[in-house]
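Biologist: I'd like a close look at one part of this model rather than a tour of everything. Could you pick a single strand and walk me through its surroundings?

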Amino acid sequence: MYIHIGKETIIPENEIIAILDLEKMLKNKKLEEIIKEINLENNIINISDGNNKSLILIKIEKCIKGYISNISSQTLAKRIQKEII
C-alpha cells in the first residue's frame, strides 16, 4: 500500500520507519539532534510549503531519507491505520 504525505508525494507504507511530530520536536529542539544522529542532513526533502508539521523517515534499501510534510503526524497515522483495517 501507499500513503499520500503531501503535495503530490506518495510513498510505500512498508518503507516508513517513523512519523514524527515536528511541532513538538521544534519546541524541544530535538530535531537537529535527531537529524545529525541518523545522518540525514543531505537526505531531507521538504514538501511542506513552509508549514512544517511532520517528519516522515523512510528506509530505501540501506539509505534513510526524510520528508517534511504539512500534514500532521496524527493524520498520517490515521491514513496508515485505515489501510490496515
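Modeller: Here is a walk around strand S5 and what surrounds it. Keep in mind that this is a predicted model.

Start with the strand itself. S5 covers residues 54-60, and five of its seven residues are buried, so the rest of the structure largely encloses it. It belongs to an open four-stranded sheet with mixed pairing, in the order S3-S5-S6-S4. The edges of that sheet are S3 and strand S4 (44-46), each with a single partner strand, so each has one side without a neighbour in the sheet. On average, neighbouring strands here are turned by 20° against each other, ignoring direction.

Now for the two partners of S5. On one side, strand S3 (residues 16-21) pairs with S5 in the antiparallel sense, over five bridges. Within that pairing, Ile58 of S5 is the bridge partner of Ile16, and Leu55 of S5 has Leu20 standing opposite. Strand S6 (residues 63-69) is also antiparallel to S5, and here the pairing runs over seven bridges. In S6, Ser69 stands opposite Ser54.

The turn joining S5 to S6 deserves a look too. This hairpin has two residues between the strands, and Glu61 takes a positive phi near 55° there. As a rule, most residues other than glycine have a negative phi. Glu61 is also exposed, with a relative accessible area of 75%.

Follow S6 to Ser69 and the picture is the opposite: this serine is buried, at 0% relative accessible area. A polar atom of the Ser69 side chain lies 2.3 Å from the backbone oxygen of Ile5. Leaving out residues up to four places away in sequence, Ser69 touches Ile5, Gly6, Ile47, Ser48, Asn51, Asn52, Lys53, Ser54 and Ile56.

Several of the names so far come back in the packing. The largest nonpolar core has 11 residues: Ile3, Ile5, Ile11, Ile16, Ile47, Ile56, Ile58, Tyr67, Ile71, Leu76 and Ile80. S5 supplies at least two residues of this core, as do strand S1 (2-6) and helix H3 (73-84). Take Ile11 as an example: setting aside neighbours within four places in sequence, its contacts are Met1, Tyr2, Ile3, Ile5, Ile16, Ile56, Ile58 and Tyr67. There is also a second, separate core of eight residues, including Leu31, Leu40, Leu55 and Ile68. In general, side chains in a regular strand alternate between the two faces of the sheet.

Last, step back to the loop between S4 and S5, where Asp49 sits. Like Glu61, which has phi near 55°, Asp49 has a positive phi near 55° without being a glycine. Its relative accessible area is 61%, so it counts as exposed. Asp49 also takes part in the one salt bridge that a search of the whole structure finds: its side chain meets that of Lys7, 3.3 Å from N to O. Lys7 lies in the loop between S1 and strand S2 (9-12), 42 residues from Asp49, and the pair links distant parts of the chain. Lys7 is exposed as well, just as Asp49 is.

Technical notes
Residues numbered from 1 in each chain as written. Predicted model: local features only at pLDDT ≥ 70, side-chain atom pairs only at ≥ 80, totals over all residues. Heavy atoms only, no water. Buried < 20%, exposed > 50% of the residue type's maximum accessible area, 1.4 Å probe, protein only. Pairing = 2+ DSSP bridges. Core = buried A, V, L, I, M, F, W, Y, C linked by side-chain atoms within 4.5 Å. Contact = heavy atoms within 4.5 Å. Axes fitted to C-alpha atoms, helices over the stretch in contact; angles between N-to-C directions. Polar contact = N/O pair within 3.5 Å; in protein donor to acceptor, adjacent residues only side chain to side chain. Salt bridge = Lys/Arg side-chain N within 4 Å of Asp/Glu carboxyl O.
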